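Got your viewer open and a selection box ready? Load the model below and we'll walk through it stop by stop.

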Amino acid sequence: MKYLDIESFRTLNTRLSFPTTSGDRHVLGRIEAYSCKAAGTDKKLYRYLENKYQEELEEAKALTPEQSSLTNIASPFGPLTQPASRKMLFYLIATLNASFPDYDFSSLNADQFTKEPSPDYCLKSISTTLLNVGCPATLKTSRMWDSIDDVINIDECDVYSYMPDPESDPYEAEGPVWSFNYFFLNRNLKRIVFFTCRCISNLDELDNTSDQELVFGDLIDEPARPDLYPVPSYARKEMSIGGGLRL
């Protein structure tokens, strides 16, 4: 996956780090764009995932349909027997690997991702979450969704979310109060916008951390790209989603 340096995203990301209204937590998020063009490491990952699938397929032949996970799991990408479905899984795993280079997500399975009902549902969910925790006025006036739409054409996207278990959560060491990971995939453009965000407590290690460290990512061992914002799948289901919210 090729990282696309989008100027408007760099501006947004500088505004995606802010204290919550309560003052005892901090929101950190970032938005990144990637081309689906495979790089050298991506080709190795794709071959690995294909070999892994073929091995699982051979093992499944000895099982009944009820026993086989390949037939039991409802893939959000469609039947994994179809190469196009496995390619979608590859795109999301490759995006995670690119966004979190210190982690390896190659062991993830299709059932760890969810296809969201619609792009509009995700827009309202994310907007509601950020407004509820007190996003700053500078973010409200930056027309976040218009900037994202210019890059990805949101209405043409399939949107997937990833809710990691503790073993595969890149934010686990921070003990986030909540987090979310959304992938906006435009098949025609062959492009993905990845929107990741988390909310962490100020009461622990943040007590001794400066605002500058929070904004520029010195607190965590992540890429030097601007780092900032979150909302988890379980939180989406619990929040009331109103219409007409725009950031």
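What follows is a tour of selections, each with a note on what is there.

Before you click, bear in mind that this is a predicted model, where local features need pLDDT of at least 70, side-chain atom pairs count only at pLDDT 80 or more, and totals for chains, interfaces and linings use all residues. Residues are numbered from 1 along each chain as its sequence is written, and side-chain values use heavy atoms, with hydrogens and water left out.

**Stop one: β6**

Select residues 178–186, which make up strand β6. Helices (H or I, at least four residues) and strands (E, at least two) are DSSP runs here, numbered from the N terminus. Nine of the nine residues in β6 are buried, where buried means under 20% relative accessible area, exposed over 50%, and partly exposed in between (1.4 Å probe, protein chains only). Show the side chains: W178, F180, Y182, F184 and N186 point one way, while S179, N181, F183 and L185 point the other way.

**Stop two: the neighbours of β6**

Add residues 158–162, strand β5, which pairs with β6 in the antiparallel sense over four bridges. Two strands count as paired if DSSP finds at least two bridges between them. Look for Y160, which stands opposite F183 in β6.

Now add residues 191–201, strand β7, which is antiparallel to β6 with nine bridges. Two pairs to label here: N181 has T196 as its bridge partner in β7, and N186 stands opposite R191. Most of β7 is covered too, with 10 of its 11 residues buried.

What lies on the far end of the selection list for β7? Take residues 25–35, strand β3, which runs antiparallel to β7 and is joined to it by 11 bridges. R25 stands opposite S201 in β7.

**Stop three: two positive phi values**

Which residue in the hairpin of β6 and β7 takes a positive phi? Pick K190: the hairpin has four residues between the strands, and K190 has a phi near 55°. At 56% relative accessibility, K190 counts as exposed. Most residues other than glycine have a negative phi, and most peptide bonds are trans.

Next, jump to N153, in the loop between α7 and β5. N153 has a positive phi near 55°. Its 30% relative accessibility means that N153 counts as partly exposed.

**Stop four: helix α4**

Select residues 83–99, helix α4, and put a distance between its end C-alpha atoms: they are 24 Å apart, which agrees with the 24 Å that 17 residues should span at 1.5 Å a residue. The expected span is 1.5 Å times one less than the number of residues. α4 is largely enclosed by the rest of the structure, because 12 of its 17 residues are buried. Among the buried ones are R86, F90, Y91 and S99.

**Last stop: the cores**

Show I148, F184 and F195 as spheres; these have the most contacts inside the largest nonpolar core, which has 32 residues. Elements giving two or more residues to this core are α1 (7–13), β3, α5 (119–132), α7 (144–152), β6 and β7. The most comes from α7, with five residues. A nonpolar core is a set of buried Ala, Val, Leu, Ile, Met, Phe, Trp, Tyr and Cys residues joined through side-chain atoms within 4.5 Å.

To finish, select Y34, M88, F90 and I192, which are among the 28 residues of another core, lying apart from the largest one.
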